[in-house]
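Work through the exercises below with the model open beside you. Each one sets a task and then solves it step by step.

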Amino acid sequence: MNYKRIISGVTSLCLAVSTMTAFSISAADEKIMGDANADGRFNAADVVTMQKWLMGAGNMTAYDTVDFCADGIINTFDYTLMIKALRESGEPYNLPYSALTNNLCDEYTPSEITGAKADEAFISGQTEFYLELMQKTTASEKTGENILISPYSVMQALAMTANGADSYTREEMENVLGGGMELEKLNEYLYTQRTSQPNDKDCKLTTANSIWTIDDEERIQVMPEFIQTNMDYFNADIFTAPFDDTTVKDINSWVNEKTDEMIPTLLEKIPADAVMYLINAVAFDAKWEKQYLEYSVGSHDFTAFDGTVQQADMMYSTEYYYLEDDNAVGLYKYYEGRRYAFAAIMPDEGVELDDYIAELTPQELNEILANPVYEQIDAGIPKFSYDYEAKKMKDSLMEMGMASAFFPSGDFSRMAKTPMGDVYINRVIHKTFIDLCEAGTRAAAVTAVEMAGDSAMPVERKNVILDRPFLYCIVDTENDLPVFIGTLMTIPE
């Protein structure tokens with residue numbers, strides 16, 4: 001039978017209600033409700049089975065188990081209730097968003113993984129990558145641009161990609177991503193870093209990874225070992241899709257969900273030569289350990305990068321962790337649970353923020369973030385919210401030493417076979433969002449790698465009012481690594 005397309009994403013599940021078929025429903029003795037494929041359990045595969053059947057693209061015999069409305073009619077209302085039941089069941093919820101996208105996760109069994117706890121070698125290599133990426137991004141932007149990147153997100157996406165690289169391309173990526181560390185060891189560190197993040201109502205950092213490949217074996221044949229490694233270490237969802245407009249919607253829906261709706265759109269369209277996307281999404285949401293009261297917020301002058309004086313909503317407080325080096329002062333303010341903190345570093349008068357960032361070394365950044373001084377300060381942090389897209393991430397990574405990965409001559413033979421030519425990185429898309437206010441901070445990042453084929457309190461109090469351009473970080477205090485790094489050059493309108 002031919003059915004009109006009635007499903008185009010999780011948010012439009014109840015369209016075309018007129019498309020329905022009646023059945024004589026028999027008693028479901030000892031059958032599991034929702035077990036559409038009759039395999040004795042209710043999980044995501046059953047939703048896929050019903051979804052394809054509604055589209056006229058598959059078979060389903062266990063009609064009595066999917067009549068969630070108990071009206072003898074199987075339609076999209078039952079499908080909606082099935083998804084709700086699956087979410088409430090506690091089963092892993094990794095569903096495709098259209099019938100043309102296939103979730104391959106059930107075809108692989110995750111291996112037992114032993115991670116590696118962060119040590120000096122890992123922290124040093126990551127700090128070097130994080131800072132250099134920020135320096136390259138800052139240098140590539142026009143003066144005065146508010147910047148925000150998540151090197152942590154970029155690292156996750158590129159490390160997944162590197163698992164498909166070989167020979168000189170793999171060596172280049174190991175040098176850039178881990179300071180020369182072998183990728184097998186870097187995977188272990190990144191696994192522990194990802195799985196040890198807090199995830200509660202007052203402070204959470206969630207990480208999601210996915211791999212999307214075009215459903216066309218004449219264009220790409222993905223290596224099973226590559227998929228297995230990325231499922232094991234990065235818990236990657238695996239999808240095949242037609243790479244048409246439905247795939248654009250599905251990828252954007254995945255990103256929107258995994259960033260807690262802070263970044264609703266990653267792609268506008270998929271280029272004709274694209275054969276794979278490796279995507280990381282990060283969502284951060286944390287309350288301040290000490291929240292601001294209503295009377296703590298007042299108007300204050302903020303001198304923007306060009307000398308313009310703006311009015312900012314300044315949040316005033318007494319803080320107790322002071323940051324300082326030879327050319328800057330700052331503060332360290334904890335989020336609930338103290339696993340994360342907001343660090344702001346403001347260059348001294350007469351020192352341009354771009355120049356300060358350009359001359360900062362990884363050792364200096366680690367030193368200032370790892371050693372806040374316990375000292376009472378009168379502080380002021382402006383409220384701000386903005387989104388950002390790094391438009392020259394590819395150029396930055398090439399300058400950092402990953403050149404061959406972006407050319408057809410690069411070696412990604414561990415990733416896939418492509419009858420029509422070699423695969424290579426076509427572009428790296430990176431989008432971020434931040435909202436900092438009295439209650440706390442929400443931030444999100446998404447990175448997509450597009451593969452183409454073709455002590456005692458002193459008497460004297462410090463004063464740190466962030467009323468001119470400053471560098472800021474959201475710091476993982478366990479490892480002293482900034483998962484987000486940004487600059488505030490001007491107060492966003």
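**Exercise 1. Determine the hand of the crossing of H4 and H6, then describe the packing.**

Solution.
- Step 1: the hand. H4 passes H6 in a left-handed crossing. The crossing is left-handed if the near helix is turned anticlockwise from the far one by less than a right angle, and right-handed if clockwise.
- Step 2: the contact residues. H4 contributes Tyr-152, Met-155, Gln-156, Ala-159 and Ala-162. H6 contributes Leu-183, Leu-186, Leu-190, Gln-193 and Arg-194. Contact means heavy atoms within 4.5 Å.
- Step 3: the classes. The contact of H4 with H6 has 7 nonpolar, 2 polar and 1 charged residues. Here Ala, Val, Leu, Ile, Met, Phe, Trp, Tyr, Cys and Pro count as nonpolar, Asp, Glu, Lys and Arg as charged, and the others, Gly among them, as polar.
- Step 4: the geometry. H4 spans residues 151-162 and H6 residues 183-195; they pack at an angle of about 140°, axes 11 Å apart. Axes are lines fitted to C-alpha atoms, for helices over the stretch in contact, and angles run from 0 to 180 degrees between N-to-C directions.
- Step 5: the verdict. H4 and H6 are therefore oblique to each other. Angles under 35 degrees count as roughly parallel, over 145 as roughly antiparallel, 65 to 115 as roughly perpendicular and the rest as oblique.

A note on conventions: this is a predicted model, in which local features need pLDDT of at least 70, side-chain atom pairs count only at pLDDT 80 or more, and totals for chains, interfaces and linings use all residues. Residues are numbered from 1 along each chain as its sequence is written, and side-chain values use heavy atoms, with hydrogens and water left out. Helices (H or I, at least four residues) and strands (E, at least two) are DSSP runs, numbered from the N terminus.

**Exercise 2. Describe how H4 packs on H7.**

Solution.
- Step 1: the geometry. The H4 and H7 axes come within 9 Å and cross at roughly 150°.
- Step 2: the class. H4 is therefore roughly antiparallel to H7.
- Step 3: the hand. H4 passes H7 in a right-handed crossing.
- Step 4: the residues. From H4 come Gln-156, Ala-159, Met-160 and Thr-161. They meet Phe-226, Asn-230 and Phe-234 of H7.
- Step 5: the classes. This contact of H4 with H7 counts 4 nonpolar, 3 polar and no charged residues.

**Exercise 3. Place three salt bridges in their surroundings: Lys-117 with Glu-478, Arg-170 with Glu-174, and Glu-438 with Lys-383.**

Solution.
- Step 1: the total. The structure holds 21 salt bridges. A salt bridge is a side-chain nitrogen of Lys or Arg within 4 Å of a carboxyl oxygen of Asp or Glu.
- Step 2: Lys-117 and Glu-478. Their closest N and O atoms are 3.9 Å apart. Lys-117 is exposed at 62% relative accessible area. Glu-478 is partly exposed at 44%. Buried means under 20% relative accessible area, exposed over 50%, partly exposed in between (1.4 Å probe, protein chains only).
- Step 3: Arg-170 and Glu-174. The N to O distance is 3.9 Å. Both sit in helix H5 (residues 167-178), 4 residues apart, so about one helical turn separates them. Arg-170 is buried at 9% relative accessibility. Glu-174 is buried too, at 14%.
- Step 4: Glu-438 and Lys-383. The closest N and O atoms are 3.3 Å apart. Glu-438 lies in the loop between strands E16 (424-436) and E17 (440-452), and Lys-383 in the loop between strands E13 (373-382) and E14 (384-390), so the pair ties together parts that are 55 residues apart in sequence. Glu-438 is partly exposed at 24%. Lys-383 is partly exposed at 26%.
- Step 5: the network. Salt bridges with shared partners join Lys-117, Arg-339, Asp-476 and Glu-478 into one network.

**Exercise 4. Locate Ala-70 and Asn-235, and give their phi values.**

Solution.
- Step 1: Ala-70. Its phi is near 55°, positive in a residue other than glycine. Ala-70 lies in the loop between H1 and strand E2 (73-74). Ala-70 is exposed at 65% relative accessibility.
- Step 2: Asn-235. Its phi is about 50°, also positive, and Asn-235 is not a glycine. Asn-235 lies in the loop between helix H7 (224-234) and strand E7 (237-241). Asn-235 is exposed, at 52% relative accessible area.
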